[in-house]
Amino acid sequence: MADTLIHDQMRSPRGSDQTRSLRSTDALVAAGLVAPAMRDAVTAVEARYAVAVTAPMRALIAEHGAPIARQFIPDPAELVTAAHERADPIGDDALSPVPGIVHRYPDRALLKPLLVCPVYCRFCFRREHVGPDGGLLTEAQLNTALDWLRAHPAVREVILTGGDPLLLSPARLGRLLAELAAIPHVDILRIHSRVPVADPGRLDDALAATMDVEKPLFLVVHANHAAEFTADARAALRRVQRLGVPVLGQSVLLAGVNDSAAALEALFRAMLAARVKPYYLHQLDPAPGTARFHVPIERGQALLAELRGRVTGLAWPTYVLDIPGGHGKVPIGPQYLGPDAVADPWGGRHRLAGPKLAGPGASV
Ligand code: SF4
C-alpha cells in the first residue's frame, strides 16, 4: 500500500540509464563515479547507508566534479565513526512522542511522513534512519500524528521534513497539507526539501499546486553549492514562488564543498538569483562517519566574517549549531560587539561611549 502513496517516478524510475537515479555501487562503477578498485569498499558502505544520485546531480558531477560528488558518492571513510559522533546527533528519537513527530520547541513540531530522499547525502544527520526502505508512515500512524498535533494547541508551526516530503504524490501531499491547515492553532506550515535542486522535474505544476493552501506555507530548499541552482532548479522554484510561497535556503558548511568565502558567496548569490533567501548555514552535525566534512566553528565564523560587507545582507544566513544531544539550535556566527568596542565589516574597531557609539574618529 505504501508504494502507491509515493510519487511513482521515485519508486519506478523510467527512462534511459542517463535519466535514472543511480542506487547501487555497481551502478556508480558503471557510470564511472566509483573506481572499479573501490567496488568492494564502497559496497560495504552501501550495505550500511543508502545511496542515490539523481540524473541532474550526476550531470552536475560531470560538470563540476568534487564539490558535488563529495555530497553523494559513498566513501569508505563513512564506516569509521569518530568518538564524538552519534547515531542520533540532534536527539530526534528522545523527543518523539508518537511515530513521525518530533517536538523539541514548544511552538513547533516536526512531522516526518516518510524517510525516503531523492538523493542520499553522505553527511546527513539522519543517515541512520533515511533510506529507500525507511518507509512511509502508515495511514494509522499518520492519523495518530495528526491527532497528536490537534491535541497540542501550543504548536503553532508544523515542519514537514523527513526524508523528503516532496517525494509524496501530489494527492497525498495535498491531503496532508489540507489536514494541517485545518488545525485551528497551526498558523504556519513549512516544507524542507532537497527535491527542487536534486530532482527539479519532480516539482511539476501538480506538486507545486498542493502548496497553495489557506495558511502561510514556507518552502525551505537544502542546497550546498551554487551549481545546484540550475535553470531547471530555478524553473521548479518559480512554479512554487508564483503561488506566493516564500522560499528560503538552508545549507550545511562542508569541507571540500563550500568551505571557502568564494564558494559561500557564490552559493548565497545563486540563492538570491533564484529568489531564495539564505536562512540557515548549519554547522555539521556529528553523525557517524561524517568527519571528512567537518569544518571547525572558528573557520566557519571567519568565513562568514569575510562575507560581511562583501555581499548584501540579504545573502547572509544565520550560522547555527544544533547542540548535540537535542538541546536546541543556537546562532554561532561571528561577533562584532565587544564590551567597549564594535568591529566594522573590514576589521576596524570603534570604541563605544555610553549607550551609543562614539562616532567617526573614535577608532581603537
Ligand atoms: S536529502 Fe536531507 S534527509 Fe535526505 S539524505 Fe540528504 S540531508 Fe538527509
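Arg275 lies in the loop between α11 and β7, where helices (H or I, at least four residues) and strands (E, at least two) are DSSP runs, numbered from the N terminus. The exercises below begin from this residue. The model is a predicted one, in which local features need pLDDT of at least 70 and side-chain atom pairs count only at pLDDT 80 or more, while totals for chains, interfaces and linings use all residues. Residues are numbered from 1 along each chain as its sequence is written.

**Exercise 1. Describe the backbone and the surroundings of Arg275.**

Solution. Begin with the backbone: phi of Arg275 is near 60 degrees, which is a positive value in a residue other than glycine. Next, place the residue in the chain, where Arg275 follows α11. Finally, consider burial, for which a residue is called buried if 20 or more other C-beta atoms lie within 10 Å of its own, exposed if 12 or fewer, and partly exposed in between, with C-beta atoms placed from the backbone. Arg275 has 13 other C-beta atoms within 10 Å, and therefore Arg275 is partly exposed.

**Exercise 2. Compare the span of α11 with its expected span, and find which of its residues are buried.**

Solution. The expected span of a helix is 1.5 Å times one less than its number of residues. For the 13 residues of α11 this gives 18 Å, and the end C-alpha atoms are 18 Å apart, which agrees. The buried residues in α11 are Leu264, Leu267, Phe268, Ala270 and Met271. Seen down the axis of α11, these buried residues fall within an arc of 155 degrees, so they line one face of the helix; the arc is that of the directions from the helix axis to the C-beta atoms. On the other side of α11, Ala262 and Ala273 are exposed. The buried residues of α11 pack against β6 (247–252), β7 (277–282) and α12 (297–307), and here two residues are in contact if their C-beta atoms, placed from the backbone, lie within 7 Å.

**Exercise 3. Take Leu267 from helix α11 and work out what surrounds it.**

Solution. Leu267 belongs to helix α11, which covers residues 261–273. Leu267 counts as buried because it has 25 C-beta neighbours inside 10 Å. If residues up to four places away in sequence are not counted, Leu267 touches Asn224, His225, Ala226, Ser251 and Asn258. A distance along the chain can also be set beside a distance in space: Leu267 and Pro324 are 57 residues apart along the chain, and their C-alpha atoms are separated by 26 Å.

**Exercise 4. Where do the buried residues of α6 sit, and against which elements do they pack?**

Solution. Helix α6 (residues 139–150) has twelve residues and reaches 16 Å from its first C-alpha to its last, close to the 16 Å expected at 1.5 Å a residue. Its buried residues are Leu142, Ala145, Leu146 and Leu149. They cover an arc of only 95 degrees around the axis, which puts them on the same side of α6. The face turned away from this buried side carries the exposed residues Ala140, Asn143 and Asp147. The buried residues of α6 pack against β1 (101–102), β2 (108–111), β3 (157–160) and α7 (170–181).

**Exercise 5. Repeat the analysis for α7, and include Arg172.**

Solution. The twelve residues of α7 should span 16 Å at 1.5 Å a residue, and the end C-alpha atoms are 16 Å apart, which agrees. The buried residues of α7 are Arg172, Leu173, Leu176, Leu177 and Leu180. Seen down the axis of α7, they fall within an arc of 125 degrees, so they line one face of the helix. These buried residues pack against β3, β4 (188–193) and α9 (205–209). Arg172, which is found in helix α7, is buried because 20 other C-beta atoms lie within 10 Å.

**Exercise 6. Which residues surround the ligand, and which peptide bond is cis?**

Solution. The ligand is surrounded by Cys117, Val119, Tyr120, Cys121, Cys124, Arg126, Val130, Gly162, Gly163, Asp164, Arg194 and His222, where a residue is near a molecule if its C-beta atom, placed from the backbone, lies within 6 Å of it. A cis peptide bond joins Gly162 and Gly163, with omega about 5 degrees. Gly163 is found in the loop between β3 and α7.
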